[in-house]
Each structure stands twice: as C-alpha cells, then as structure tokens.
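Colleague: Let's go through the ligand site. Keep it brief, please.

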Amino acid sequence: MISRELNFEGPSPILYLIATPIGNRGEMTPRALEVLSSCDFIAAEDTRNSGQLMAFFHIDKPFISCHEHNEEESSVKIIALLKQGKKVCFMSDAGYPCLSDPGQRLVANCLDNGIKVAVTSGPNAAINALACSGLDSTHFHFEGFLPAKESERIARLNELVTNPDTLIFYESPHRIFKTLLAMSATLGERKAVLARELTKAHEEFIRGTLPELCLLDEASLRGEMVLVVEGAKKTRVSLSDNEIALALKDQLEWGKTPKEAIKAVCQSNDLPKNRVYEIYLANFKRDE
Ligand code: SAM
C-alpha cells in the first residue's frame, strides 16, 4: 500500500534526524540549530557527547539515550512521545545518523507507526573523502567498516574484488595497517586515498596505490580515517572453455570445494555462473 503525505504538512508526527559535525563545529547548520532549538527531546547515541555539542550551541533539552544496544526499546519511547505531539530529534555521535551509526531501526519503526522522517543535511565522512579523492565518483560503493575478524574481513574483500565502483571504507587507526595489508593482497595494485581527520586542523589526504600505502609509518596513521579505493577495472576477459576448466582445476587442487571453486572463477573473471557450472559438470563431475 502506498503511503503519501507531504513531510511538512499533514497531521502525522515527524522525527527529525540531525546530521552533526564530523570534527569542525562550524559545520553545524543553522537549520539543524533551528530544529533543535524548537524540539522537546533530543534522542542521542551518546548523551554525554551530544550534551557537550548542544552546550556549545547553548541548547538545553532533555536527552533520551538511543544507541546500538537499546535502539528497539528506545524507539518505543520516542514513538510514544511523537504520538503525544512532542517534537523529537535524533543525532548520532558525528555525521549522518544511520550511516555506520544507529538510527536505521528507529527510522524503520517510526515509518511502521505512521511517523514521517526528515533530515537536516550536514557532513558525512565518506562523501567528504570521496569528493576529495580524485577517484571516479560516478558510481561508488559505501562499505563502511569491514568485519573485525580477520578471516571475515578477507572473505568480504574477496567478494568486493570484482566490484567496478569506487569503494569507500571506514576504519579505526588501530586496524588500518592490517586492513591495508589485506587489501593490498586481495584487491592488488589499485589507487587508494586515505583521508584523515576530515574538517579538522590536521586534515590530510594520503594518495598512492594500496601496496604503497602499506609502506607508510604505522605510527603516523592516527585519528579518524576513511579509505577510498579504486574499483575493479572494467575489462571483461574472454576465456575459452578450456581456460575456464584449467582455472577450475587450479582452484580444486588448492583444496576449494566445487562450489567455492566455481564462485572464485566466476568472480575473478567476471563470468556468468551457468557457464562455469556447465564447464565444471562436463570436466570434473565424473571424477567425484
Ligand atoms: N555517521 C558518520 C558519518 O556520517 O560519516 C560515521 C560514523 S562511524 C561510527 C565513524 C567513522 O567515520 C570513523 O571511524 C571514521 O572511519 C569515519 N570518520 C568520522 N569522522 C571522520 C573524520 N573527521 N575524518 C575521517 N574519517 C572520519
């Protein structure tokens, strides 16, 4: 069923998402401050952190805690207030709510309850990094944080190997070096830009290839950072059936299961699964 109502007209209550500065407080917009000044409650990922930001702008409102671990329960409270006619805003620690930050479940729950959602636009680390990267910005893939577990991180990178879009990652300073090494091994010789401390006094863009970035002094990679990596080259290799069979044979000899071997050959050569599967059946199935 279609639901349609102008955001700033009509009877339904509205939740305001507030994008907040990612470093430079001068990027708090007048619109955000206007909406915050007129609200009844501020729901925040970290009430202490947002309390300091609000104190800086002389805004004094009651806070509701809404973070990763209590978002469902907190949503119930926020929705009840909105239905009573209270004006509620939600902000995460920095940048856009919902982008590698809490907020998405709150938004979905509000929409399920007939509550509209608006956002006051503002900074986002991924977009700042992409815009300054000089890499293709026509199509990009926002990955956010890779899994913390090494094996899962590598598995995810392997899934991204053939993605032709510019890839955007968030990473913490204590894992960046391991991530660069893993990317260099999986994604190979690609251009990459490490965007550090965006909008802050020590903002820096480190440009090179992935293997080159692995040579950086680890101790110099401090602060908050976004990694922007060139997408896979869009060259489609045309392999003969015989070459595909050889590629499958290699994978099977390395101990991959048939399913893994087919997937790897499809991904690394940008081939349709049906064709590789048929070649597998014709060449290897009888050996099992
Ligand atoms: N919601 C935020 C946004 O819209 O950008 C992202 C929040 S996420 C929890 C935090 C990550 O964003 C950091 O670990 C870092 O990768 C990136 N980030 C946030 N602020 C940054 C900054 N000033 N410079 C570089 N990266 C930043």
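The questions below deal with the pocket and the ligand in this predicted model.

Colleague: What space does the ligand take?
Modeller: A molecule sits in a pocket if more than half of its atoms lie within 2 Å of the pocket's grid points. By that test, the space taken by the ligand is the largest pocket.

Colleague: What is the volume of the largest pocket?
Modeller: Its lining has 21 residues. Ala94, Ala125, Phe145, Tyr170 and Glu224 lie nearest the centre. The volume is about 430 Å³.

Colleague: How many charged residues does the lining of the largest pocket have?
Modeller: The lining has 11 nonpolar residues and four polar ones. The charged residues number six.

Colleague: Which elements give two or more residues to the shell around the ligand?
Modeller: The ligand takes the space of the largest pocket. Strands S7 (166-171) and S10 (225-229) each supply at least two residues of that pocket's lining. For the shell, the elements are again S7 and S10.

Colleague: Which residue puts a polar side-chain atom 3.4 Å from a nitrogen atom of the ligand?
Modeller: Polar contacts here are N or O pairs within 3.5 Å. Tyr96 uses a polar backbone atom, 2.8 Å from a ligand oxygen. Glu171 has a backbone N or O atom 3.4 Å from a ligand oxygen. The side-chain contact to nitrogen belongs to Glu224.

Colleague: How much of the ligand's exposed area does the protein bury?
Modeller: 19 residues surround the ligand, Leu198 and Met225 being among the closest. Tyr96 contacts a ligand oxygen at 2.8 Å. Taken alone, the ligand exposes 580 Å². The protein buries 91%.

Technical notes. Residues are numbered from 1 along each chain as its sequence is written. This is a predicted model: local features need pLDDT of at least 70, side-chain atom pairs count only at pLDDT 80 or more; totals for chains, interfaces and linings use all residues. Side-chain values use heavy atoms; hydrogens and water are left out. On a 1 Å grid over the protein atoms alone, a cavity is a set of points where a 1.4 Å probe fits but cannot get out, and a pocket is an open set with protein on both sides within 12 Å along at least five of seven lines; lining residues have an atom within 4 Å of a point. Grid points are joined across faces, edges and corners, and a volume is the space filled by probe spheres set on the points. Helices (H or I, at least four residues) and strands (E, at least two) are DSSP runs, numbered from the N terminus. Ala, Val, Leu, Ile, Met, Phe, Trp, Tyr, Cys and Pro count as nonpolar, Asp, Glu, Lys and Arg as charged, and the others, Gly among them, as polar. A residue is near a molecule or strand if one of its heavy atoms lies within 4 Å of it. A polar contact is a pair of N or O atoms within 3.5 Å; within protein, one must be able to donate a hydrogen and the other to accept it, and residues adjacent in sequence count only if both atoms are side-chain atoms. Accessible areas come from the Shrake-Rupley method with a 1.4 Å probe; for residues, only the protein chains shown count as cover.
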